Every structure is written in structure tokens, then in C-alpha cells.
Amino acid sequence: MYKLASCIVFLCSALTSASAMAQANLSGIWLANYTEDLADRRPGPALGDYGGLPLNEANLLRARSWNASLLGLPEYQCRVHPSDYANSHNNIRIWEERNPDTLELIAIHTQHFTWQTHRVIWMDGRDHPPPYAEHTSMGFSTGEWVGHQLKIKTTHLKEGWLRRNGVARSDQATVTEYFIRHGDSLNWTVIVNDPVYLEEPFIRNRDYFYSTDTQPVTYPCESVVEIVHEPGYVPHYLMGNNPDLFEFADTYDIPYEATLGGAHTMYPEYRAIARELPRPSEMQD
Amino acid sequence: MKQIFTSLGLILCLLCSPAFSQGDFADVEVRILPVRDNIFMLVGAGGNITVQTGDQGILIVDTQFAGMSDKILAALAELSDAPLRYIINTHFHGDHVGGNVPLARAGSRISGGNMRRDVTGDTASVIAHESVLLRITTSNENLMDPDGWPTSSYFAGKKDIYFNGEGIRIMHQPRAHTDGDSIVYFRRSDVIAVGDVYRTDAYPFIDTSAGGSIQGLLDAAQSIIDEIIPVYGQDGGTLVIPGHGRLSNLGDVLNWREMLTLIRDRVQAMKDQGMTLQEVIAARPSRDFDPRYGDSERFLTAVYETL
Ligand SMILES: [Zn+2]
């Protein structure tokens, strides 16, 4: 009898660890692995650089009307990066929330080192809220394991941005993400589907590596009036009046047309097309 | 399904008259969204209803259509068994005041002790800006029964009441969606019900025949923004219940103000160049927002006409 009982215990524990092995343990602090995309991830994208983004005509006008002075308004100063922009840069902390008795996974939490934004990815099979519920910067996320990969679906995002240079992502977007751990490295893929502002899904894929000694940092923000404006002041450029749109193309001598984006500029074959376009240096005088 | 409700609300709102008459709402459900503490948002047909519950009774902002009132009363009964004491109307459109009569009659005001009910009949108090009272009582068609009239009207900039342990400030927004818009700020719950000066599902309807204007709408957006204190960034903190669409926070209202400002300024610049309304519409000055808010012709027309 004693032998049978211990066999059952052994079998149970073997089964448990086997099923647990199908899921990854993502907990810990993961550091952004900046490589050739450092310039885009830390200082951020240049004004007027929309190449390689599947933005549509509406989003292009939105981006070209955008004035960075908007971020100086008190009500915009502490605006956090939306959850689908977070993997553009900086580190994250990940931890699990489990039922204390059954140890079932209830949620996976993340905290981004920029803005200290806390996000909950529900793992308990709950439904997404109705469409008339509040939308937030983090949105409402549910996750499931696809083998070793954590697959996340996010809805209820309020309007955000694909890049920090005025390219919008609408509140109608849904986002699918994958967290894939390979030993001490983590791959985080964000796929944005936006029927309002994108011609095709936008995909951003970033790498992180595991840290054994990094501590989480706080990111407090209090807005202040920096410049006194009339109430209701919203800086923007009227169509055709934005002086900054050519700077990027001029600086890097990239064909202006290639900076305008669109789904076709995402694909490798566009390189050959762009090579045939006139460069700013060829258009002078 | 939600889109059907929205279109229905929009069409009836478009009539620009107090369309108190009934539609067929047999298939429409009233859904309850808990907002914060004792504040709830009811979604059905027509404008969103805000509900505040407490020991003193129930207060609601707006009443949708008369044909929805049984379902609304059933939803209120789920939230509280206290009597309906106050109705506040954000403006006079039929999809916001249509249920005034049946809902007011189902309620009971705080006044008069034991005798009052026998002397005058009993209804909930109905509060609105005096322009709403004037428009409802001077309508040539579908004249509303006096039981639903907002006889507790105000004409100065604001009216305050204290109910269920919180201060409630009703603030007039001149010449916005109409000339009689109110936003209703629940100060302890930190929730603002704003009627049709802000919505998330479509471009604004500026009722120019009832005194609405683009600048008034922008001023109303600014008054809402001025009252909001978010928790952090642009999320949480003060929540906003729009006339139509989803529960909102600061970021949403800022996006709305951005959209209104950009389109106002573009139309103004085109008008300054001498462009006619038809030329402005053909130039598509709202094309960056059209995929989000839908057809813009009526909105652009109102912007052009009120600048
Ligand atoms: Zn209305």
C-alpha cells in the first residue's frame, strides 16, 4: 500500500513537471538588447521618418500634422507609452501571480522600466470586457500557452502610437504578442492590427537578456506648466506647413518618397525600387 | 449590434426635435457597466444613462427613449430598491429625454412629507438647463407631458445639489452640441457625465438649429479636461461617461480635443482662403480622422457654418 501511494505521488509530480515544462517561466528582470537598432530605440525615430511602416493615407496625414510641442503641454507630459510600444525600448520586469493553494497561474504581470507601467496578462481564461468599457494605455490582455510560447491578445487600448514621431495607432486596434524564452534570452514580438491607420499588420520584434542583478527602478512624473498658453491650445501643423518633414531624408540622402511609408516599403523588394528614386543630393539646384 | 444602437441614436438625434415617440426596442437590452463605487453606466438605445445610487434614492442622467423605460427601470431595480429621486437631462434631444415621462412618474421626489403625493401627484424631480425646458415646452410636435418637463431648471452657469453623500455640480456648456448642454460632475465618485458634447463612436453632431457651434464644443471639451485629474499619465482618475460610446479617461478626451482642433483650424484656414463649403468638403480636411469617426460631411458643414 505504501509503495502504491509513493508511486502515485511520483507519477503526479512527474506529470506536473512535464506539463510545467510545456510552459516557460518568464519571471525576472529582462534587459533590452540594444544592437544596430539602438538609435531607434533610445533617442527614438527622426521626424518625418515613416519608411518601413504600413501606415495608410490617414495615418500619414496624422503624422505629418503632428507637432512635438504637444508633449510640452502639462496634460501630455506624463503620458505613458502604450503596452504595444513598450518593446520598442528599455527593460521589463516579469512576475507571476498564482493561487496560493493550487498554484494555478492566475496572471502574468509586467512592469516596463520606462514610465513604470504595470500590465496584467490574465491567464485564468476570463473574457474580455464589453466594447463600451474603459480603454487604457495598457489595454486588456489575456494569455495562453502555445507550447513554450506565451501568446497574448490585447483589446481595449485607447489611442496610442507606433513610433514617437507622430505615427498614430488607433483605439480600434487589437494586438497579438509572443514572449518566447530561449534560456537566458527572451524574444518579444508585437503584432498590431489596426483597421483605422494601417494597411497591413505592423510587427515589431525585440530581444532581451536575463539579468541576475538588476533592480527595478521607479519612474515618477509630475506635470508642470513650462509655457503659458491659452486654454485649449493644441500645437499642430496645417497641411503642407510642417518644416521638419525633409530633414531626415536630407540628412541621410534617402529618397524622400521612401520616407513616406506604406505597406510596400516594408518588403525587401522595395530596396530595388527605392534605389531608382531620386535622392535629395541629386535634386539640389 | 452596438453599431445598430449607435445608428439608431444618431438618426433620432438628427431629427433635432424632441422625438419622444417610441421606436421598436424589443430586441434592445440594457446593459450595466459598473463605473466606480455607486456610479453605473447603462447602455441601451440612445444616449448612455449615468446612475448614482445611495440611501437617499437613485439619481440618473438622461433617460434614452420612452420605449426603453421598462427595461431601464428593471436595470435600476437591479442596482437599488430605493426610489428614483432625480433625473438630470444633459440636453433636449429625444434620445436623451425620451424616457422622462415614464421614468419621472415611476419616481418620487424628496418634498412635501406625507401629504404631497395626494395633493399634486408624485414624480422624480427633473433638472436641466432652462434652454432644455424652453425647447421641450415650445415644441410643436410630440409635446411632452408636463410630468417629464425639467421644471427644476437653472439659467446661470451652474447648479449644485448634494445627494447620497456627494456634491454634484451641473455645469452649462454654452453653444456646444446645442445651446443647453450640461455636464454633470459627481465630485466624490470623480465621474463626469457629459452628454453629447463628447462621444467616442462618431464625429460630433453640432445642432446648429439649436445653437450648437464648433468653438462651443471645443470649450466644452476643455471644461471636461480641466476637471480631470488622472492617476498617472492619461489613465484612470476622473472618468468620463460620454453621450454615446465607451467609458473614457483623460487620454480619450484629449484625442477628441485634438481631432476637433485640427479640423477646426484646417477648415478655418480654407475658409480664410475664400473656399466655399463644397470646396472644403472636396479637399477632405478630416481625412486622417474619417476611418475612425466615419462620414464627415455633416460635421464639416457645421464647422464651416459656425466659424
Ligand atoms: Zn444629442
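Author: Buried means under 20% relative accessible area, exposed means over 50%, and partly exposed lies in between (1.4 Å probe, protein chains only). This is a predicted model, where local features need pLDDT of at least 70 and side-chain atom pairs count only at pLDDT 80 or more, while totals for chains, interfaces and linings use all residues. Residues are numbered from 1 along each chain as its sequence is written, chains are lettered from A and ligands numbered from 1 in the order in which they are written, and side-chain values use heavy atoms, with hydrogens and water left out.

Reader: Why is A:Asp49 called buried?

Author: Its relative accessible area is 13%. The limit is under 20%, so A:Asp49 is buried.

Reader: What makes the contact of A:Asp49 and A:Arg163 a salt bridge?

Author: A salt bridge needs a side-chain nitrogen of Lys or Arg within 4 Å of a carboxyl oxygen of Asp or Glu. Here N to O is 3.4 Å, so the pair of A:Asp49 and A:Arg163 qualifies. A:Asp49 sits in the loop between α2 and α3 (57–65), and A:Arg163 in the loop between β7 (160–161) and β8 (168–169), so the bridge ties together parts 114 residues apart in sequence. Helices (H or I, at least four residues) and strands (E, at least two) are DSSP runs, numbered from the N terminus.

Reader: Is A:Arg163 buried or exposed?

Author: Buried, because its relative accessible area is 12%.

Reader: Which residues share a network with A:Asp49 and A:Arg163?

Author: Salt bridges with shared partners join them to A:Asp37, A:Asp40, A:Arg41 and A:Arg206. A:Asp37 meets A:Arg41 at 3.7 Å, N to O. A:Asp40 pairs with A:Arg206 at 3.5 Å. That pair spans 166 residues, from helix α2 (residues 38–41) to strand β11.

Reader: Why is A:Asp40 called partly exposed?

Author: Its relative accessible area is 21%. That is not under 20% and not over 50%, so A:Asp40 falls in between. A:Arg206, at 10%, is buried.

Reader: How many salt bridges does the whole structure hold?

Author: The search finds 27 over all chains.

Reader: How do you know that A:Cys78 and A:Cys221 form a disulfide?

Author: The definition asks for a pair of cysteine sulfur atoms within 2.5 Å. S to S is 2.0 Å, so A:Cys78 and A:Cys221 meet it. The search finds one disulfide over all chains. A:Cys78 and A:Cys221 are 143 residues apart.

Reader: What is the handedness of the link between A:Cys78 and A:Cys221?

Author: Left-handed, with -85° about the S-S bond.
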